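These are my notebook entries from one sitting with the sequence and the coordinates. I put down what I looked up and what came back.

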Amino acid sequence: MFELKNKLEDLKLSGQDTLVYLHWTPEQWLDSDFYDLLELQTAKKPEDREQDPEQMLKGMGLI
């Protein structure tokens, strides 16, 4: 489940980067779906996301 959530978050993050680095015009923003843009703006970087508890415990050597 965490892997799929992270893949979706990666897609949102790439969309967020596209908005920032391609310098969309106000018209392009206004013609876009509000909820899709909101999701892109709230995308989290990998280091800011929830971690899979099992992988975290393995990384700590507890499993």
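**Entry 1. L62 and its surroundings**

Is L62 buried or exposed? I found L62 exposed, because its relative accessible area is 58%. My cut-offs are under 20% relative accessible area for buried, over 50% for exposed, and partly exposed in between, with a 1.4 Å probe and protein chains only. L62 sits in the segment after helix 4 (53–59). Helices here are DSSP runs of H or I with at least four residues, strands are runs of E with at least two, and both are numbered from the N terminus.

I then looked for a patch around L62. M56, L57, M60, L62 and I63 make up a nonpolar patch on the surface, and their accessible area together is about 510 Å². Patch members have over 30% relative accessible area and no salt bridge; like charges are joined within 9 Å, and nonpolar side chains (Val, Leu, Ile, Met, Phe, Trp, Tyr) within 5 Å. The areas come from the Shrake-Rupley method with a 1.4 Å probe, and for residues only the protein chains shown count as cover.

**Entry 2. What kind of model this is**

I noted that this is a predicted model, in which local features need pLDDT of at least 70, side-chain atom pairs count only at pLDDT 80 or more, and totals for chains, interfaces and linings use all residues. Residues are numbered from 1 along each chain as its sequence is written, and side-chain values use heavy atoms, with hydrogens and water left out.

I checked confidence next. The protein chain has an average pLDDT (the predictor's confidence in each residue, from 0 to 100) of 80, and 95% of the residues score at least 70. Helix 4 has the highest confidence, at 86, while helix 2 (residues 26–31) has the lowest, at a mean of 70. I keep in mind that where pLDDT is low, the predicted coordinates should not be read in detail.

I looked up one residue of helix 2, E27. E27 counts as exposed because its relative accessibility is 51%. From E27 to L11, 16 residues apart along the chain, the C-alpha distance is 23 Å.

**Entry 3. Salt bridges**

Side chains of opposite charge can pair when their charged atoms come close. My rule for a salt bridge is a side-chain nitrogen of Lys or Arg within 4 Å of a carboxyl oxygen of Asp or Glu. How many salt bridges does this rule give? I count three.

I took K5 and E50 to begin with; their closest N and O atoms are 3.9 Å apart. K5 belongs to helix 1 and E50 to the loop between helix 3 (34–41) and helix 4, so the bridge ties together parts 45 residues apart in sequence. K5 is partly exposed at 42% relative accessibility, and E50 is exposed at 56%.

R49 and D10 form another salt bridge, at 2.7 Å from N to O. This pair also links distant parts of the chain, with R49 in the loop between helix 3 and helix 4 and D10 in helix 1, 39 residues apart. R49 is buried at 13% relative accessibility, whereas D10 is partly exposed at 35%.

E54 and K58 also pair, with 3.3 Å between the closest N and O atoms. They are four residues apart in helix 4, so about one helical turn separates them. E54 is partly exposed at 42% relative accessibility; K58 is partly exposed at 42%.

**Entry 4. Buried charges without a bridge**

Which side chain of opposite charge is nearest to K12? It is E39, 4.0 Å away; K12 is buried yet has no salt bridge. For charge, Lys and Arg count as positive and Asp and Glu as negative, with His and the chain ends not counted. K12 lies in helix 1. Residues up to four places away in sequence aside, K12 touches E39, L40 and A43, where contact means heavy atoms within 4.5 Å.

E9 is in helix 1 (residues 2–21) and counts as buried because its relative accessibility is 14%. E9 has no salt bridge either, and its nearest side chain of opposite charge is K12, 4.2 Å away. Apart from neighbours within four places in sequence, E9 contacts T42, A43, K44 and R49.

**Entry 5. A43**

I followed A43 because K12 touches A43 and E9 contacts A43 as well. A43 is in the loop between helix 3 and helix 4 and is buried, at 12% relative accessibility. Its contacts beyond four places in sequence are E9, K12, L13 and Q16. The C-alpha atoms of A43 and L8 are 9.3 Å apart, with their positions 35 residues apart along the chain.
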